[in-house]
Amino acid sequence: MAITFVGVASSENSSTIDISGLGLAEGDIVYVVGGRPGTTPSGYTPDIVEVSGSARCRTFYKIMGATPDTSVSGLTSNSQCGHTAIAFRGVDTTTPLDVASQGDFENSSNTDLNPPSITTVTDNSMILCGGFHDD
């Protein structure tokens with residue numbers, strides 16, 4: 001089965017993202033990216049926590065169970081913080097991310113995101129690339 005995009009939801013200045021409208025099913029992966037390191041919501045697996053750079057981002061994910069979540073709660077909330085939840089279907093639920101996550105590869109101000117080459121080992125594991133910018 002191919003990996004497919006299910007949907008996206010976001011929040012700003014809030015400790016919760018409403019994901020009830022995404023139509024999640026058992027086995028879907030919800031990957032959350034956002035600013036300001038803080039606690040990881042219950043049931044989610046932390047992936048990248050970048051605290052040395054100016055963007056101070058974090059990412060985490062969860063494989064949905066028989067009753068998928070309707071929200072992601074317990075996020076850092078302040079006037080400078082936003083979070084985005086991205087949902088995918090068809091990702092290998094045993095090994096959704098089979099290589100070490102890469103973080104903090106900004107090489108100078110105002111450059112394009114330039115991650116190292118990533119090759120997966122497990123069929124239907126996923127590669128997700130994103131960037132954060134402070135101000």
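A residue counts as buried under 20% relative accessible area, as exposed over 50%, and as partly exposed in between. Asn13 has a relative accessibility of 38%, so Asn13 is partly exposed. The model examined here is predicted. Asn13 sits in the loop between S1 and strand S2 (16-18). Its C-alpha atom is separated by 9.6 Å from that of Leu75, 62 residues away along the chain.

The protein chain contains seven strands and zero helices. Its pattern along the sequence is therefore written β-β-β-β-β-β-β, since helices and strands are taken from DSSP runs numbered from the N terminus. The chain has 135 residues, of which 33% count as buried. The exposed area is about 7,600 Å². Carbon and sulfur atoms supply 46% of that area. Contacts between residues at least 6 apart in sequence were also examined. Of these, 69% join residues at least 24 apart.

Ser11 belongs to strand S1, which spans residues 4-12. Its relative accessibility is 14%, so Ser11 counts as buried. The Ser11 side chain reaches the backbone oxygen of Thr16 at 3.5 Å. Beyond its neighbours within four places in sequence, Ser11 is in contact with Thr16, Ile17, Leu75, Gly82 and His83.

Val72 is part of strand S6 (residues 71-73). It is buried because its relative accessibility is 0%. Val72 and Ile19 are 53 residues apart in sequence, yet their C-alpha atoms are 7.2 Å apart in space. With neighbours within four places in sequence left aside, the contacts of Val72 are Ser15, Thr16, Ile17, Ile19, Val32, Pro41, Tyr44 and Phe60.

Val72 also appears in the largest nonpolar core, which has 15 residues. The members that touch the most other members are Ile17, Ile19, Leu24, Val30, Val32, Tyr44 and Val72. At least two residues of this core come from each of S1, strand S3 (29-35) and strand S7 (82-89). A second core is separate and holds eight residues. Ile29, Tyr61, Val91 and Met126 are included in this second core.

Aromatic pairing was examined next. A pair of aromatic rings is described by the distance of the centres and the angle of the planes. The structure holds three aromatic pairs. One of the pairs is formed by Phe5 and Phe88. The ring centres of Phe5 and Phe88 are 6.1 Å apart and the planes meet at 70°, so the pair is edge-to-face. This pair links distant parts of the chain. Phe5 lies in strand S1 and Phe88 in strand S7, 83 residues apart. The burial of the two partners was also computed. Phe5 has a relative accessible area of 52% and is therefore exposed. Phe88 has a relative accessibility of 14% and therefore counts as buried.

Tyr44 and Phe60 form another of the aromatic pairs. Their ring centres are 5.7 Å apart and their planes stand at 85°, so this pair is edge-to-face. Tyr44 is placed in the loop between S3 and strand S4 (45-49), and Phe60 in strand S5 (residues 57-63), so the pair ties together parts 16 residues apart in sequence. Tyr44 is buried because its relative accessible area is 8%. Phe60 is buried because its relative accessible area is 1%. Tyr44 and Phe60 are both in contact with Val72.

Charged pairs complete the description. Side chains of opposite charge can pair when their charged atoms come close. The structure holds two salt bridges. In one of them, Arg89 pairs with Asp28, and the closest N and O atoms are 2.8 Å apart. This pair links distant parts of the chain, 61 residues apart. Arg89 is in strand S7, whereas Asp28 is in the loop between S2 and S3. Arg89 has a relative accessible area of 30% and is therefore partly exposed. Asp28 has a relative accessibility of 1%, so Asp28 counts as buried.

Lys62 forms a salt bridge with Asp69. The closest N and O atoms of Lys62 and Asp69 are 2.9 Å apart. Lys62 has a relative accessibility of 18% and therefore counts as buried.

Note on methods:
Residues numbered from 1 in each chain as written. Predicted model: local features only at pLDDT ≥ 70, side-chain atom pairs only at ≥ 80, totals over all residues. Heavy atoms only, no water. Helix = DSSP H or I, 4+ residues; strand = E, 2+ residues; numbered from the N terminus. Buried < 20%, exposed > 50% of the residue type's maximum accessible area, 1.4 Å probe, protein only. Contact = heavy atoms within 4.5 Å. Areas by Shrake-Rupley, 256 points an atom, 1.4 Å probe, with all protein chains shown as cover. Polar contact = N/O pair within 3.5 Å; in protein donor to acceptor, adjacent residues only side chain to side chain. Core = buried A, V, L, I, M, F, W, Y, C linked by side-chain atoms within 4.5 Å. Phe/Tyr/Trp six-rings, centres within 6.5 Å; stacked < 30°, edge-to-face > 60°. Salt bridge = Lys/Arg side-chain N within 4 Å of Asp/Glu carboxyl O.
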